[in-house]
Amino acid sequence: MKAKHLLIALAVLFALVVIVLPVAVIFQRAFAEGFAVWLAAVSEPETRSAIVLTVVTALIVVPVNIVFGLCAAWAIARFKFPGRRALLVVIELPFAISPIVAGLCFLLVYGAYGPVGGALQPYGIQLMFNLAGIVLVSLFVTCPFVVREVLPVLSVSGEDEERAALTLGASGWQMFRLVTVPNITWALVYGAILATARAIGEFGAVSVVSGAIRGQTMTLPLQIELLYNDYNTTGAFAAATVLALLALVTLVLRGLIALTHPVRGAAQ
Amino acid sequence: MLRQFATAITIVGGTFAAPAHAQNTEILNVSYDIARELYAAINPAYIEQRGEGEGELTINQSHAGSSKQARAILQGLQADLVTFNQVLDVQVLADNGFVAENWQEQFPNNASPYYSLPAFMVREGNPKEIDGWDDLARDGVSVIFPNPKTSGNGRYTYLAAWAWAMNEFGGDETKVRDYMTKVLNNVEVFDTGGRGATTTFTERGIGDVLVTFEAEALNIAGENDDYATVVPPQSLLAEFPVAVVEKVASQRGTEEIARDYLDFLYTPKGQEILASFNNRVHDEAVVKANADRFPEVELYKVEDVFGSWEDAQETHFASGGVLDELQRQ
């Protein structure tokens, strides 16, 4: 019994010190001078544009990741082909590579002197230091999430039900919609949520390719650091609460979907 | 979801399309990281004094460490002009054909519309009585300045101390090295950048003296009575070079306006704003009006003491250079 209590106390203490306290302080500092000051800080044009840019980036990155993640997970789980294991390793590479290295790689390939960026330059197409660059690196850092969540569920659920559906006369699309998707919904949503959280929070890779043009290519995490460095503590913490709130919204969404969609064979 | 995505696509399309027609009335000033408030004041003043019928002008700002900025421009960041705090970083652009070879002759005073110098910020009442460079080497004095390897600010401090010591000890390098070793040993925290060092000194309360640009020290001490600025009798000239990024601006048709914007920094109005942010300027009337804020100081030049910025970099800050040797002792 003693050990049990000790363990619980440790876990709670750890969560308190490492998670709850810092997050609470962000909100406390942000609202220290009142709600009006907070509102003024987050509706300041540069911060507002950073919020919009961050949300737009996530809205592009996450759907692309869902489609790509589904295709990749499906291919790896259902088909045998040479290089199948290698593909899985490649997809998981972004987990292992430091984001700053990812950013530098993209800069070297898609920058004005890179093989791809240089080839596009004569046509006036620029891929770095604008939204395109930010989306590209965000895709890179978030691409393992959906695959990683969906793949185990797909493998476990097996092909039996799908075969049965086909035998009973379902078309490929009907089988996918009515048999496969219900099996993997939860995993898919969970992967998408992780990808969203990562996309809106990414700092290192984006910082390399952003160009830091105020009001244009500053995402929310970059803007927070910049406000902090400008001694604008209230502004920085206010912007930080917006980022924290965005994260909370994704968490609540996850909870809601879990409640309304009791899923068979869920991994989590 | 679908509708949101459609909106996102529209916004994206808009972002890509926008520069196409707004090109010649939008310029990008790529600058060092602590100049935001300064240019936030300069830009509206510049726009205001433009004549009627010159069209609308938007001036965009990008701020980060100036070496990082130079690198970004080399990789395609569409800067029309740069306002840096490091001569070397403009030189890199010149070496790669982005900026004219003779950029330092294109604007007055070595293309540096304002200047500053390493100075000291001490705690209220200056309890350790730090008045000059010799005090930094004293036993029991805790010194804060950023790492010269990573920070231009730190490089200026290092070179200023070295220049002072060369003068003090009549060029006896053994004594200079001895002095520098003591100073480096007194450094309690080596932050990577100027702002980080300031935070260490003010927020974390570490150190008896922060060595940083006079402008930064005055900005902070002016707002807070806990600190005071001490300008040593001798220091090192810190130039803030500007240049038109001709390679980009000529393509975008913004060369003329970029040049005009930089010229504005030399006008009485421009100099007045620069001085109000505690930078030293050259305009005589403005200098006179601000004389009480900027005490007289003897300024060494990097070129005179070290030959050139390239030489200083090579000798002192490169791997295995003098700085490394001193720190090993």
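This briefing introduces a predicted model with a chain A and a chain B. In chain A, the mean pLDDT is 88, and 97% of the residues reach 70 or more. The contact between the chains takes 20 residues from chain A and 19 residues from chain B. One helix of chain A, α12, is largely enclosed by the rest of the structure, because eight of its ten residues are buried.

**Confidence in chain A**

- Among the elements of chain A, the highest mean pLDDT, 96, belongs to helix α7 (residues 131–142). The lowest, 85, belongs to helix α13 (residues 233–260) of chain A.
- Over residues 264–268 of chain A the pLDDT is below 50. Beyond near neighbours in sequence, this stretch has twelve contacts in the model.
- Where pLDDT is low, the predicted coordinates should not be read in detail.

**Annotated region of chain A**

- An unreviewed UniProt entry places the feature "domain: ABC transmembrane type-1" at residues 51–258 of chain A.
- Over residues 51–258, chain A is 79% helix and 0% strand. The C-alpha atoms at the two ends of this region are 27 Å apart.

**Helix α12 of chain A**

- Helix α12 of chain A covers residues 220–229. Its buried residues are Leu220(A), Pro221(A), Leu222(A), Gln223(A), Ile224(A), Leu226(A), Leu227(A) and Asn229(A).
- Within chain A, the buried residues of α12(A) pack against α3, α10 (172–201), α11 (204–209) and α13. They also pack against α9 (194–202) of chain B.
- Tyr231(A) follows α12(A) and has a positive phi, near 65 degrees.

**Where chain A touches chain B**

- On the side of chain A that touches chain B, helix α3 (residues 45–78) of chain A supplies the largest share, four residues.
- By class, this side of chain A has twelve nonpolar, six polar and two charged residues.

**Domains of chain B**

- The domain assignment of chain B gives two domains, each written as two segments. Domain 1 is 2–114 + 239–289, and domain 2 is 118–236 + 297–328.
- Taken over C-alpha atoms, the centres of domain 1 and domain 2 of chain B are separated by 29 Å.
- Ten residues of domain 1 of chain B are in contact with eleven residues of domain 2 of chain B. The side of domain 1 that touches domain 2 has four nonpolar and six polar residues, and no charged residues.

Conventions
Residues numbered from 1 in each chain as written. Chains lettered and ligands numbered in written order. Predicted model: local features only at pLDDT ≥ 70, side-chain atom pairs only at ≥ 80, totals over all residues. pLDDT = per-residue confidence, 0-100. Contact = placed C-beta atoms within 7 Å. Nonpolar A, V, L, I, M, F, W, Y, C, P; charged D, E, K, R; others polar. UniProt positions renumbered as here; feature names shortened; annotations may be inferred. Domains from an automatic or database assignment. Buried ≥ 20, exposed ≤ 12 C-beta atoms within 10 Å, placed from the backbone.
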